[in-house]
Amino acid sequence: DDKPRAPDAAQGYGADGASQQQGPSMEDFSKLMVQLDQATAEAADFKDRLIRSVADFDNFRRRTTREKEDIRRFASAALVEDLLPVIDNMALALDSARKHHPEASGVIDGVDMIYSQFRNVLKNHGVEEVAPQGQPFDPNLHESIAHQASAEVPEGSVLAVTRTGYTLNGRLIRPATVVLSAGPQKQED
């Protein structure tokens with residue numbers, strides 16, 4: 001019997017030959033949609049976490065680079081702070097020698113050259129003097145120890161520097177100690 005037979009209902013086909021197997025039900029479709037929504041939300045969460053992690057890593061890298069640079073720039077701060085009294089004393093010694101021992105000008109000139117060389121070495125390593133003679137008072141850079149009347153220097157400006165201040169690569173190491181002008185002396189009746 002080589003004739004093709006018509007499919008019957010027992011084989012899952014209808015009388016018209018169409019398959020009677022049904023596709024997913026609405027319940028199955030709803031479950032799949034819920035799973036798809038969950039997977040989409042999870043993917044969005046992972047993407048958000050990835051973006052945040054990359055941004056955090058970039059911030060960490062920049063902060064670490066900046067901190068390493070600061071460490072390099074300010075590693076010598078303790079040494080500079082220890083050397084400042086030596087610079088102060090050398091300047092005081094030179095001033096005193098010039099006033100009281102002018103006959104030793106050759107030695108004084110030699111020590112002055114060493115003092116200048118020492119200051120230049122510090123300057124080459126980022127140390128700058130804060131000597132604000134005649135400038136307006138800046139509490140970020142100056143420390144006032146007194147007020148004194150002056151007709152030449154405006155009130156609130158630095159009349160005299162009693163101790164030079166210093167910065168290291170723009171950061172204050174020691175404020176300049178100053179005497180401020182109180183303006184012209186007021187005449188009392």
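The largest pocket in this predicted model has a volume of about 280 Å³. Of the 15 residues lining that pocket, D88, A91, T162, R163 and T164 are the closest to its centre. By class, the lining comes out as 7 nonpolar, 3 polar and 5 charged residues. Three elements, α2, α3 and β3, the last of these covering 158-163, supply at least two lining residues each. The largest share is that of α2, with 5 residues.

Let me stay with D88 for a moment. D88 is in helix α2, and it is one of the residues closest to the pocket centre. Is D88 buried or exposed? Its relative accessible area is 18%, and the cut-off for buried is under 20%, so D88 counts as buried. Leaving out residues up to four places away in sequence, D88 touches R163, Y166 and R174. Take R163 from that list: D88 and R163 are 75 residues apart in sequence, while their C-alpha atoms are 7.7 Å apart in space.

Next, the nonpolar cores. The largest one has 14 residues, and the members that touch the most other members are L84, I87, V127, Y166, L168 and I173. Two or more residues each come from α2 (77-100), α3 (105-124) and β4 (165-168). The element that gives the most is α2, with 6 residues. So much for the totals; now one member, L168. Which residues does L168 contact, beyond its neighbours within four places in sequence? They are R73, F74, S76, A77, H125, G126, V127 and I173. V127 and I173, in that list, are also among the core members that touch the most others. Apart from this core lies another, of 5 residues, including V130, V158, A176 and L180.

Last item, S181. S181 sits in strand β6, residues 176-181. Its relative accessibility is 1%, and therefore S181 counts as buried. What does the side chain of S181 reach at 3.4 Å? That is the backbone oxygen of P154. A polar atom of the S181 side chain also lies 3.1 Å from the backbone nitrogen of G183. Setting aside residues up to four places away in sequence, S181 touches H147, Q148, S150, V153, P154, E155, G156, S157 and L159. P154 thus appears twice for S181, once in the contact list and once through its backbone oxygen.

To recap on α2: this helix gives the most residues to the largest core, 6, and the largest share of the pocket lining, 5.

How values were computed
Residues are numbered from 1 along each chain as its sequence is written. This is a predicted model: local features need pLDDT of at least 70, side-chain atom pairs count only at pLDDT 80 or more; totals for chains, interfaces and linings use all residues. Side-chain values use heavy atoms; hydrogens and water are left out. Helices (H or I, at least four residues) and strands (E, at least two) are DSSP runs, numbered from the N terminus. Buried means under 20% relative accessible area, exposed over 50%, partly exposed in between (1.4 Å probe, protein chains only). A polar contact is a pair of N or O atoms within 3.5 Å; within protein, one must be able to donate a hydrogen and the other to accept it, and residues adjacent in sequence count only if both atoms are side-chain atoms. Contact means heavy atoms within 4.5 Å. A nonpolar core is a set of buried Ala, Val, Leu, Ile, Met, Phe, Trp, Tyr and Cys residues joined through side-chain atoms within 4.5 Å. On a 1 Å grid over the protein atoms alone, a cavity is a set of points where a 1.4 Å probe fits but cannot get out, and a pocket is an open set with protein on both sides within 12 Å along at least five of seven lines; lining residues have an atom within 4 Å of a point. Grid points are joined across faces, edges and corners, and a volume is the space filled by probe spheres set on the points. Ala, Val, Leu, Ile, Met, Phe, Trp, Tyr, Cys and Pro count as nonpolar, Asp, Glu, Lys and Arg as charged, and the others, Gly among them, as polar.
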